[in-house]
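The following exercises concern the surroundings of one charged side chain and the overall form of the chain. Each task is followed by a worked solution.

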Amino acid sequence: ASRVMVASRNYADFASEASFEIKKCDLHRLEDGPGTTAVMTRDEGLHYYKTMQTIRRMELKSDQLYKQKIIRGFCHLYDGQEACCVGIEAAIQPTDHVITAYRAHGFTYARGVPVREILAELTGRKGGCVKGKGGSMHMYTKNFYGGNGIVGAQVPLGAGIALACKYFGKNEICLTLYGDGAANQGQIFETYNMAALWKLPCIFICENNRYGMGTSVERAAASTDYYKRGDFIPGLRVDGMDILCVREAAKFAAEYCRSGKGPILMELQTYRYHGHSMSDPGISYRTREEIQEVRSKSDPITLLKDRMINNNLASIEELKEIDVAVRKEIEEAAQFATTDPEPPLEELGNHIYFNEPPFEVRGPNQWIRYKSVS
């Protein structure tokens, strides 16, 4: 009760909004880019902080559940990159479309899937967002198409979604994400070509976290200027650790696409704190000191927190209360994800196709047949 009284007493003392200087984006084939000043309201800041903190805690809990062997299989964590998905989501409409690679938990949450459904999907439970059959790499919701396991294969799919956006004329766009490790895939350059020819409303976004699996970008790419890789497609290089930088660049890119000018490319310079996946300790090809330096100087949550406190948008106590509430939510979600039942074998063939008549599906035992359900 005392905490509520303190919050209500101090609420009027906070600024309703503040203006911030942000890093200028590097430009390719663009005369003008996003501005170097961004305005953030108090409500926006609190929302961004809670969302990023939730993703961070969700990923740390996933790490714990994996080490306890409750989560099995592939698991690629997103901690360190939270400003990318939260900044992008703040800049687009719910009706816009997003498709990404297998480091997908952050985008799944940002697109509206509750933590409990994400963790339950990771543990293979019936209450997961795809009923426990997708796991870490294959999560979906309305206007979000995964989570895709094949390196770079989501990029042509994203162009196909953008083609549908243009075909139906709804003024919607598709954001197609991939990592620096996928940036040398041939199918990506084929997709650039088609998207430019057809002027598709597609934002190609390279989340450059500096390491594709265990290989640094310098060892993998003759040119690490990923924002220029579209050649004839305009590009932006953005500070992916600053949520306001990401938000303003994504707004600029979204307006560019909606205006009918065709595709645009964004490179978000970010960093992952964990290894590539849970099977990678992440310190055989980089040092602990490097990771710690990024954490201490460029952490996206700390940067936002300092901005809010220094500009009187929030108090330390208020943000600590958010931290406590987030931890409670994560613990409750983990409890659900470890007690919810696994899907029965009879549901193995469900949801293979949408809106198709039932057909027989062979199960683990080749003599047993299941009926599919759309």
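**Exercise 1.** Which residue has its backbone oxygen 3.1 Å from a polar atom of the side chain of Arg286?

*Solution.* The structure is a predicted model. Begin with the location: Arg286 belongs to the loop between β10 (264-269) and α10 (288-298). The backbone oxygen sought is that of Tyr273, which lies 3.1 Å from a polar atom of the Arg286 side chain.

**Exercise 2.** Determine whether Arg286 is buried or exposed, and examine its polar and charged partners.

*Solution.* Step one: Arg286 is buried. Step two: the nearest side chain of opposite charge is Glu290, at 5.1 Å. A salt bridge requires a nitrogen–oxygen distance within 4 Å, and Arg286 has none. Step three: the side chain of Arg286 does make a polar contact of 3.2 Å with the side chain of Tyr271. Step four: apart from neighbours within four places in sequence, the residues in contact with Arg286 include Tyr211, Arg272, His274, Gly275 and Ile291; Tyr271 and Tyr273 also appear among these contacts.

**Exercise 3.** Why can the chain be described as being as compact as a globular protein of its length?

*Solution.* Count the secondary structure first: there are 12 helices and 12 strands. The radius of gyration is 21 Å, close to the 21 Å from the globule rule for 374 residues, so the chain is as compact as a globular protein of that length. As for burial, 52% of the 374 residues count as buried. Finally, of the contacts between residues at least 6 apart in sequence, 71% join residues at least 24 apart.

Note on methods:
Residues numbered from 1 in each chain as written. Predicted model: local features only at pLDDT ≥ 70, side-chain atom pairs only at ≥ 80, totals over all residues. Heavy atoms only, no water. Helix = DSSP H or I, 4+ residues; strand = E, 2+ residues; numbered from the N terminus. Buried < 20%, exposed > 50% of the residue type's maximum accessible area, 1.4 Å probe, protein only. Lys, Arg positive; Asp, Glu negative; His and termini not counted. Polar contact = N/O pair within 3.5 Å; in protein donor to acceptor, adjacent residues only side chain to side chain. Contact = heavy atoms within 4.5 Å. Rg over C-alpha atoms; globule rule 2.2 N^0.38 Å.
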